[in-house]
There are 2 protein chains.
Amino acid sequence: MTAPAPPAILPGTVTSPRGVRAAGGHCGIKPDRSDLALVATDGAAAAAACFTTNRVQAAPVLVSRQQVRCGRAQAVVINSGNANACTGPAGLRDAWEMVDLTARALGIPRDLVLVASTGVIGASLPMERLRAGIPALAAGLGPHGEAAAEAILTTDAFPKTGAVQIEIGGAAVTLGGMAKGAGMIHPRMATTLALVTTDAAVEPVLLQHLLREAVDRSFNRISVDGDTSTNDTIFLLATGASGAPLLRDSHEPGAVEFQEALAALCRHLAREVVRDGEGATKVIEIAVTGAASDGDARRAGEAILTSPLVKTACGGMEPNWGRILAAVGRSGAAVDPARVAVAIGGVRVVEGGIGRRDRLEAAAAAMRAAEFAIAVDLGLGTGNWVGWTCDLTEAYVRINRGYLT
Amino acid sequence: MTAPAPPAILPGTVTSPRGVRAAGGHCGIKPDRSDLALVATDGAAAAAACFTTNRVQAAPVLVSRQQVRCGRAQAVVINSGNANACTGPAGLRDAWEMVDLTARALGIPRDLVLVASTGVIGASLPMERLRAGIPALAAGLGPHGEAAAEAILTTDAFPKTGAVQIEIGGAAVTLGGMAKGAGMIHPRMATTLALVTTDAAVEPVLLQHLLREAVDRSFNRISVDGDTSTNDTIFLLATGASGAPLLRDSHEPGAVEFQEALAALCRHLAREVVRDGEGATKVIEIAVTGAASDGDARRAGEAILTSPLVKTACGGMEPNWGRILAAVGRSGAAVDPARVAVAIGGVRVVEGGIGRRDRLEAAAAAMRAAEFAIAVDLGLGTGNWVGWTCDLTEAYVRINRGYLT
């Protein structure tokens with residue numbers, strides 16, 4: 001029995017599904033780049049969300065966490081350039097005003113508006129810019145998913161979008177998404193800021209369950225620098241405009257297909273975030289097998305995923321397997337060094353815990369690719385895990401040295 | 001009541017205490033730098049040790065762990081340039097042969113020899129060089145602590161040595177030490193490779209207890225990059241040659257003074273390791289107070305200590321307190337953002353969780369110093385913790401990109 005191939009990622013955006021309009025533009029938070037995105041559905045959509053696990057949470061996270069509880073939303077407003085985090089009660093007032101401005105501009109109830117912010121921590125939002133900018137964007141809503149994806153970027157080098165199409169009950173269903181993020185990326189949270197839309201019809205409780213699971217298999221398995229943000233948010237809106245039958249629980253026909261499509265799209269967006277990792281030149285898949293448990297596999301994988309020494313060696317295209325073993329050894333996972341095998345770019349450089357010097361050159365050659373895998377087999381059991389990281393380069397330091405100035 | 005001032009750190013080395021001789025030189029493991037150190041005491045000394053907590057442990061760690069159990073040692077042999085880690089059964093044979101070569105050269109029992117290695121992981125030791133090098137060094141033992149400190153370095157820019165003098169029972173007691181380490185530095189282990197000697201007379205069981213406590217207050221509170229090594233070892237040898245009364249338990253007169261002197265010397269050596277952190281230009285003290293518990297203070301402190309974003313901002317002399325709050329927030333410690341205060345270089349940049357923009361310039365000026373503190377008060381309780389880290393610079397990446405080649 002082979003697992004079904006994951007659905008193909010197509011070009012597309014949050015406006016690819018039926019019933020979704022968007023706009024993106026410049027309202028003046030950043031000096032000259034696009035900084036405000038608005039996404040609206042035709043009528044209230046089923047809504048789900050995952051947020052940062054950081055205990056320091058930005059004002060928009062606190063607001064949206066409360067707003068999404070009812071499981072319905074009709075609009076998402078997102079600004080970049082300012083995270084509205086660590087801004088105290090005034091920041092909370094500003095986040096609520098963004099909700100109100102959006103509700104008023106669209107003529108919808110305020111409890112159907114979600115809000116997110118990303119950018120510098122600790123600065124107040126320039127509300128006068130948003131008071132002018134939100135109504136202007138609302139007037140220009142249309143099939144402008146690309147403009148919205150552009151407007152949520154911060155240190156990103158490129159917008160991250162994609163779409164997936166499946167069939168449910170004979171109806172064509174589309175999922176579209178956008179994400180931002182290049183630094184402060186780490187597992188164990190809905191890392192990054194992302195929005196996925198679909199014209200599938202899904203009950204909110206199921207939608208939340210499916211999103212949580214998809215995030216665990218995608219955004220929760222990437223790391224750029226081990227730091228986690230105060231603002232991480234992913235929203236999922238389902239308009240039902242495809243005409244496909246309503247999905248109510250995960251055993252229904254179509255639910256598995258929808259789950260796989262959602263996970264594939266999230267994985268694509270998450271890998272795009274890693275590919276755009278600050279200063280990164282490579283995407284590295286970390287695959288751990290043979291662990292005593294899945295938990296051990298995750299521990300070992302995350303230790304490799306976040307090791308500055310492993311990531312730096314990847315940038316230098318150096319098959320420094322000693323650093324990989326050192327990371328696994330400190331991870332807390334059960335390890336018997338004599339049973340460990342490591343393959344880099346498909347080349348087995350460690351067998352039985354001992355290096356194969358004669359294969360280092362072949363491994364170094366494999367590391368010249370823009371994407372390669374580090375596969376670690378612990379030889380102890382059946383636990384496994386996979387995740388994605390990028391290399392650590394001098395450019396990462398350059399980018400983050402003078403972020404505020 | 002004020003705490004007694006910590007004892008002053010004096011110039012000195014492992015040969016400053018009476019009854020200790022050393023030698024260091026080049027035996028050919030590295031192409032052209034000093035790579036072999038030998039330290040011997042006049043008669044068997046009380047011996048204690050702490051080792052890496054990494055589950056992948058180098059052969060010399062496995063050997064010395066067994067050797068030190070009897071609580072006595074008369075010689076320590078250390079090579080740099082090759083870690084003898086991940087070398088399988090052959091590596092274990094090589095580590096034992098280093099012990100035998102040293103015992104034979106000095107004419108002492110093999111169970112009184114400790115061994116340590118540091119350098120590249122996964123390569124076999126060139127034993128023919130050691131077979132010639134160890135007897136040569138043994139013939140040249142003398143007051144050569146500086147040469148020994150030089151011989152244990154790898155990517156270090158400078159040797160790390162120091163001494164402390166106290167009085168126990170009317171006798172002058174000296175402690176001297178050396179350490180190496182610039183990368184793969186992280187808390188939760190006897191991080192680095194270090195040797196401390198003293199002419200105090202201390203029962204081995206007490207010596208082990210005192211060393212463990214001193215390491216917890218020094219080497220276990222520093223981080224360069226969050227990676228932990230397969231080889232970390234610290235040895236402590238007490239010759240008793242000072243003529244001071246034997247210390248048997250921690251309540252005896254002199255034991256507290258010895259403990260404080262040992263901790264001060266270890267803290268000095270640990271800070272020297274941080275100061276020499278790969279690519280580092282600054283030593284940053286992280287002090288957490290007001291935590292709900294000491295454990296929470298440690299969690300919050302270690303999160304700041306290892307945050308690439310905080311460390312990069314320190315290199316750029318940017319008072320990016322948002323990143324400090326984000327690190328504390330993800331640490332797992334109880335945090336109420338509204339109660340957090342942060343001072344950078346003595347300048348309070350956050351009060352009640354909100355940034356003081358008017359003080360950022362003063363904080364940035366304070367960050368120009370080669371050493372400064374980041375003090376975080378969580379405002380919740382009395383838990384506190386202090387540790388030391390360095391800034392993350394482009395040079396760190398340069399150094400680690402092509403380590404093998």
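# Exercises on a predicted two-domain chain

Strand 10 (residues 283-291) and strand 15 (residues 383-390) of chain A pair in the antiparallel sense, with seven bridges between them; strands pair if DSSP finds at least two bridges between them. This is a predicted model, where local features need pLDDT of at least 70, side-chain atom pairs count only at pLDDT 80 or more, and totals for chains, interfaces and linings use all residues. Residues are numbered from 1 along each chain as its sequence is written, while chains are lettered from A and ligands numbered from 1 in the order in which they are written.

**Exercise 1. Place strands 10 and 15 of chain A in their sheet, and find what packs on them.**

Step 1. Start with one bridge: Ile286(A) has Gly387(A) as its partner in strand 15 of chain A.

Step 2. Now zoom out. The open sheet has seven strands, ordered 8-15-10-14-11-12-13 in chain A, with mixed pairing. Strand 8 (222-223) and strand 13 (354-355) of chain A are the edges, each pairing on one side only. Helices here are DSSP runs of H or I with at least four residues, strands are runs of E with at least two, and both are numbered from the N terminus.

Step 3. Add the helices. Helix 6 (residues 255-275) of chain A lies across strands 8, 10 and 15, at about 45° to strand 15 of chain A. Helix 7 (residues 294-305) of chain A packs on the sheet too, touching strand 8, strand 10, strand 14 (371-377) and strand 15 of chain A, and its direction makes about 20° with that of strand 15. Axes are lines fitted to C-alpha atoms, for helices over the stretch in contact, and angles run from 0 to 180 degrees between N-to-C directions. Contact means C-beta atoms, placed from the backbone, within 7 Å.

**Exercise 2. Describe where domain 1 of chain A touches domain 2 of chain A.**

Step 1. Get the bounds: the domain assignment, automatic or from a database, gives domain 1 (20-275) and domain 2 (283-401) of chain A.

Step 2. Check the spacing. The C-alpha centres of the two domains of chain A lie 32 Å apart.

Step 3. Count the contacts: twelve residues of domain 1 of chain A meet eleven residues of domain 2 of chain A. On the domain 1 side, strand 8 and helix 6 of chain A are the elements that give two or more residues. Helix 6 of chain A has the largest share of that side, four residues.

**Exercise 3. Work out the surroundings of Val342(A).**

Step 1. Locate the residue: Val342(A) sits in strand 11 (residues 341-344) of chain A.

Step 2. Buried or exposed? Val342(A) has 24 other C-beta atoms within 10 Å, so it is buried. The cut-offs are 20 or more for buried, 12 or fewer for exposed and partly exposed in between, with C-beta atoms placed from the backbone.

Step 3. List the partners. Beyond neighbours within four places in sequence, Val342(A) is in contact with Trp321(A), Ile324(A), Val349(A), Val350(A) and Val376(A).

**Exercise 4. Look at two non-glycine residues with positive phi, Asn84(A) and Met317(A).**

Step 1. Asn84(A) has a phi of about 45°, and its place is the loop between strand 3 (72-82) and helix 2 (88-106) of chain A. Asn84(A) counts as buried because it has 30 C-beta neighbours inside 10 Å.

Step 2. Met317(A) has a phi of about 55° and is found in the loop between helix 8 (308-315) and helix 9 (321-330) of chain A. Met317(A) is buried, with 22 other C-beta atoms within 10 Å.

Technical notes. Two residues are in contact if their C-beta atoms, placed from the backbone, lie within 7 Å.
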